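Visitor: I should be grateful for a close look at a single part of this structure, the surroundings of the ligand.

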Amino acid sequence: MKKIKFNTNCKSKHFVQYFELLQSDYDLFRNKHFSNLCIKELEPIYSGSTLFLTHSATAALEMAATLIDILPGDEIIMPSFTFVSTANAFVGKGAIPVFVDIKESDLNLDESLIEQAITSKTKAVVAVHYAGHPCKLKELKALCDKHDLFLIEDAAMGFGSSYEAHPLGGYGDFGIISFDITKHVSAIQGGLLLVNNEKYKQRAKNVYHIGTNRDAFEHGEVLYYEWVDLGSKYQMNELNAAFLFDQLQESKSILNDRKAISLLYYSKLLALQKSGKLKMMPESHVAKNVHEFYIILGSESEKESLRIFMIKNNIEALSHYAPLHNSSYCLKSGKSQVITNTERISKTILRLPLHNDIKEEHISYIAEVVNSFFNENRETK
Ligand SMILES: *Cc1c(COP(=O)(O)O)cnc(C)c1O
């Protein structure tokens, strides 16, 4: 079997054609032709939100951090089991990350631990929808309302997923989506900020345009545009937008294929779960799972042995995240903390290949390899 990579390049059917179109007319660049087409595709999904296409989810998180006016010492509640951008966006403005543990069941923030982490300095809760599996947004929103906090959804892995009838990212005050190449629908590099709280929709336009009132100028509301706020060049470039436009039109089949792969994985590994060899996501998430397929092993050494066994069999499986609270950057602050589930999961999680070049025969092969790992191990024990 040829090497099965963890991920693969996402494909674009029409990018070359779109690029030629862009090259034919400067005004298409200037008027953000493809960014606008993407927004038209996305608006029906996120009705009620104001949308800002950004060059990354990292940029979208930074916009949210600017909009909530962080003051030095403000505290932001978030998981430690997340990508570094979730924290950096806020810490870069002087905030202190307050890390709360995740639940073993779905690797999302444990709602029952949030209230005790709230202090008079708490400004926001950042809910990361791990693997695009929804956090309990109603409970989180009620907590945030009670304590007058912002609810920010890091739905970087959540495009195409929902919580009840709400698309992920569309429920809190702000939502963040990633279209990075490591995600399932991609601009190669890109992101989206969803501004759901009415109070911030106008100001977000200025922050997005490098802190100028260019948006008002473009709408003929002012005669010239000038510096009015903080901001940066958060916009997505047109080449990425052309790529994303193509992917958005393919997104239904991309998502459906990945759901089918998830169901197959789940059924082929279920016997191992039943015999207590590994754990998977809750069964209720499988049919809608699109971002990644993870398994949780009994120990770090077992996870590492399985990973190496898979590599020997030409399968690339990866783990993550190095918990933020144990990072060298955080430890410099001198505060050490034990966060039980986060630490255990980061040592024992293994993510299996999931992309749109994976076929049924690949999944059968991968499941066979995982099964044989446990059978061989049992004999040698
Ligand atoms: C991927 C990811 C990000 C960063 O996304 P970029 O588009 O690469 O900036 C942030 N948060 C989470 C949870 C992610 O998975």
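Which residues around the ligand come nearest?

Guide: This is a predicted model, in which local features need pLDDT of at least 70 and side-chain atom pairs count only at pLDDT 80 or more, while totals for chains, interfaces and linings use all residues. Residues are numbered from 1 along each chain as its sequence is written, and side-chain values use heavy atoms, with hydrogens and water left out.

Around the ligand there are 15 residues (each with a heavy atom within 4 Å of it), and those that come nearest are A57, T58, D154, S178 and K183. By class, this shell comprises 6 nonpolar, 6 polar and 3 charged residues; here Ala, Val, Leu, Ile, Met, Phe, Trp, Tyr, Cys and Pro count as nonpolar, Asp, Glu, Lys and Arg as charged, and the others, Gly among them, as polar.

Several of the nearest residues approach oxygen atoms of the ligand. For T58, a polar side-chain atom lies 2.5 Å from a ligand oxygen. In A57 the backbone provides the N or O atom, at 2.9 Å from an oxygen atom of the ligand. The side chain of K183 has an N or O atom 3.2 Å from a ligand oxygen. Of the 380 Å² of accessible area that the ligand has on its own, the protein covers 92% (areas by the Shrake-Rupley method with a 1.4 Å probe).

Definitions and conventions. Polar contact = N/O pair within 3.5 Å; in protein donor to acceptor, adjacent residues only side chain to side chain.
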